[in-house]
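I opened a new structure today and kept notes as I went. Each entry records what I looked up and what came back.

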Amino acid sequence: MIRPTQVPMRERDPRARTNTFDEVPFGYTSDEAREEAARCLQCRDAPCMNGCPVNIHIPKFIREIREGDFEAAIATIKQTNNLPAVCGRVCPQEVQCQAPCTLGRRFEPVAIGRLERFAADWESQHGVRVPEVAPPTGFRIAVVGSGPAGLTCAADLQREGHAVTVFEALHEPGGVLMYGIPEFRLPKRIVQGEIANLRKMGVAIEVNAVIGRTFTVDDLFTEGYEAVFIGTGAGLPQFLGIPGENFVGIYSANEFLTRVNLMRAYLFPDYDTPVKVGTTVAVVGGGNVAMDAARTALRLGAKRVMILYRRTEAEMPARVEEVHHAKEEGVELHVLVNPVRFRGEGGRVVEVECLRMELGEPDGSGRRRPVPVPGSNFVLPVATVIVAIGNQPHPLVPRTTPGLRVAGGGTIWTDEEGATSREGVFAGGDIATGAATVISAMGAGKRSAAAIHRSLTRSRGRA
Ligand code: FAD
Ligand code: SF4
């Protein structure tokens with residue numbers, strides 16, 4: 001008899017967890033993981049694998065967990081995924097590998113993400129194996145940006161024996177995994193552990209290196225790098241463009257989360273970068289970034305946190321689990337609401353004026369367009385506002401790299417393998433797709449690494 005529902009994962013109590021930045025879910029025990037793994041039907045065609053952008057052999061690693069061979073399970077995952085502890089925590093499995101799961105036609109799909117997380121955590125408790133690296137090829141490759149796209153590309157190329165240097169603009173590597181996603185969802189020690197592994201493989205990481213300012217892509221070629229991968233992400237925040245947006249107390253989610261995560265504002269006074277959060281906070285937006293900002297504000301002492309979203313909960317782009325956790329913690333969802341102006345006193349924001357919305361015809365994204373209800377204006381008192389309505393690629397690298405074709409929304413144009421319009425330059429992740437997901441950035445990093453490796457070994461063959 002197959003268990004119809006997923007083995008639940010134990011979590012920190014919602015009342016206790018808003019006082020701490022500690023991780024919310026505890027992960028499976030070995031027994032729980034084996035019980036969940038036993039639900040897998042071991043389908044021959046494995047439709048789950050079609051939903052995985054890095055093509056993990058899912059039935060194989062699940063079978064290995066079921067048999068209690070956890071070492072084999074993590075080895076299977078790591079054949080194609082170098083960040084399993086990250087993916088097991090933040091990937092939207094419900095719309096990727098778990099969506100086509102055969103079991104899901106009758107029951108809840110297999111909890112593939114939780115099993116991936118279990119295998120990765122098991123490895124970190126039992127000694128992480130550093131992947132083998134091929135003998136040096138003599139080729140040098142520069143990777144710009146150390147988010148999941150850059151880290152994955154660097155790992156795959158170093159494994160082939162190339163000498164990879166990662167250039168990162170910030171003072172710590174990891175991209176959004178370090179500065180965006182909060183500790184209570186993705187503990188920083190996990191990302192730091194993955195980066196330490198990369199260093200053990202021989203990857204060099206230069207921080208505080210802003211490509212386009214400190215050096216250009218052209219400088220990197222002059223320095224002797226044979227190929228460049230650009231994985232600079234989409235870190236430029238979008239704003240509402242409404243009156244009063246410059247009042248003190250209004251943050252972009254990027255600035256707010258970076259101050260808290262990267263500058264450790266939540267550890268003030270041990271770290272001297274406090275972030276001021278008032279008692280009433282409005283977060284504008286409905287994605288993962290908005291949920292992260294809202295839950296962070298609660299943990300920094302806000303008494304009332306409201307999400308203001310212009311569509312309904314059904315259209316929210318945030319992961320279902322994130323919305324669920326936010327609601328459990330007391331975050332209020334105010335849907336079909338759109339801010340139109342902020343009012344301030346003494347230069348600080350004190351009110352947000354909103355309009356009620358209704359849903360009209362679908363727009364270009366396929367979601368129903370929010371349409372304002374005339375005369376429905378109302379006012380909410382606020383002390384802090386966090387704007388989380390999306391991010392765009394930063395134009396610095398495209399602007400300073402001659403020959404790079406820029407596509408819609410400021411993204412860098414690439415072909416399917418990540419090659420740009422400039423020879424020897426590849427790009428992938430959010431800089432090429434616009435803001436997307438960790439796993440899609442990793443998939444792009446992998447495809448580019450394979451293409452760079454092919455082109456370098458081909459060029460040696462010709463020489
Ligand atoms: P990034 O992670 O943005 O990394 C780019 C790196 O390049 C950064 O470190 C940046 O400092 C560096 N850089 C930029 N310009 C330069 C330059 N000129 N020179 C040198 N370095 C440079 N996705 C999920 O799948 N699940 C989630 O739960 C999820 N939650 C999210 C929560 C938040 C708050 C945010 C912001 C995003 C979230 N995402 C989530 C999206 C996901 O994190 C991104 O899609 C992913 O990180 C993109 O990876 P990347 O490598 O392309 O870029
Ligand atoms: Fe197992 Fe679901 Fe994949 Fe089938 S589709 S192999 S049941 S995880």
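**Notebook: loops, cores and a helix pair**

I began with N208, which is partly exposed because its relative accessible area is 49%. I am working from a predicted model. I then looked up where N208 sits: the loop between β3 (204–206) and α11 (217–222). Its backbone caught my eye. N208 is not a glycine, yet it has a positive phi of about 55 degrees.

**Another positive phi**

I went on to N55. This residue is not a glycine either, and its phi is positive, at about 60 degrees. I found N55 in the loop between α3 and α4. Is N55 buried, exposed or partly exposed? Its relative accessibility is 47%, so I noted N55 as partly exposed; the middle class lies between 20% and 50%.

**Helix α4**

From that loop I moved into α4 itself, residues 58–66. Which of its residues are buried? I listed I58, P59, F61, I62, E64 and I65. Next I asked what these buried residues pack against. The partners are α2 (30–37), α3 (47–50), α5 (70–78) and α7 (112–126). I also checked what follows the helix. Just after α4, G68 has a positive phi of about 80 degrees.

**The pair α2 and α4**

I picked one partner, α2, for a further look. Two packed helices are described by the angle between their axes and the distance between the axes. I looked up both. The axes of α2 and α4 come within 8 Å, and they cross at roughly 130 degrees. That angle makes α2 oblique to α4, because it falls between the 115 degrees that ends the roughly perpendicular range and the 145 degrees above which helices count as roughly antiparallel. The crossing of α2 past α4 is left-handed.

Which residues meet here? On the α2 side I noted A33, R34 and A37. On the α4 side they meet I62, I65 and R66. I then sorted the contact residues by type: four are nonpolar, two are charged and none is polar.

**The nonpolar cores**

Several α4 residues came up again in the next search. The largest nonpolar core has 73 residues. Which of them touch the most other members? My list reads I58, F61, I62, I65, L115 and I452. The helix that gives the most to this core is α17 (residues 438–462), with eight residues. Another core lies apart from it. That one has 30 residues, including A253, L257, V277 and A290.

I followed up I452. Leaving out residues up to four places away in sequence, I452 touches I141, C153, L157, A227, F229 and F426.

**F184, in a loop**

F184 lies in the loop between α9 (176–179) and α10 (188–201). Is F184 buried or exposed? Its relative accessibility is 1%, so F184 counts as buried. I looked up its contacts beyond four places in sequence. They are F21, D22, E23, V24, P25, D292, R295, T296 and R299. V24 is a good example of a contact from elsewhere in the chain: F184 and V24 are 160 residues apart in sequence, while their C-alpha atoms are 5.8 Å apart.

**E322, in a helix**

E322 belongs to helix α14 (residues 320–328). At 2% relative accessibility, E322 is buried. Beyond its sequence neighbours within four places, E322 is in contact with R185, N288, M291, D292 and R295. I had already written down D292 and R295 as contacts of F184. I also checked E322 against V86: they are 236 residues apart along the chain, and 16 Å separates their C-alpha atoms.

**Two asparagines to finish**

N246 is in the loop between β5 (236–237) and β6 (250–252). Its relative accessible area is 80%, so N246 is exposed. N246 and R348 are 102 residues apart in sequence and 9.0 Å apart in space, C-alpha to C-alpha.

N254 is in helix α12 (residues 253–261). I noted N254 as buried because its relative accessibility is 16%, and buried means under 20%. What does N254 touch, leaving aside its neighbours within four places in sequence? I wrote down Y179, G235, P237 and N391.

Key: Residues are numbered from 1 along each chain as its sequence is written. Chains are lettered from A and ligands numbered from 1 in the order in which they are written. This is a predicted model: local features need pLDDT of at least 70, side-chain atom pairs count only at pLDDT 80 or more; totals for chains, interfaces and linings use all residues. Side-chain values use heavy atoms; hydrogens and water are left out. A nonpolar core is a set of buried Ala, Val, Leu, Ile, Met, Phe, Trp, Tyr and Cys residues joined through side-chain atoms within 4.5 Å. Buried means under 20% relative accessible area, exposed over 50%, partly exposed in between (1.4 Å probe, protein chains only). Helices (H or I, at least four residues) and strands (E, at least two) are DSSP runs, numbered from the N terminus. Contact means heavy atoms within 4.5 Å. Axes are lines fitted to C-alpha atoms, for helices over the stretch in contact, and angles run from 0 to 180 degrees between N-to-C directions. Angles under 35 degrees count as roughly parallel, over 145 as roughly antiparallel, 65 to 115 as roughly perpendicular and the rest as oblique. A crossing is left-handed if the near helix is turned anticlockwise from the far one by less than a right angle, and right-handed if clockwise. Ala, Val, Leu, Ile, Met, Phe, Trp, Tyr, Cys and Pro count as nonpolar, Asp, Glu, Lys and Arg as charged, and the others, Gly among them, as polar.
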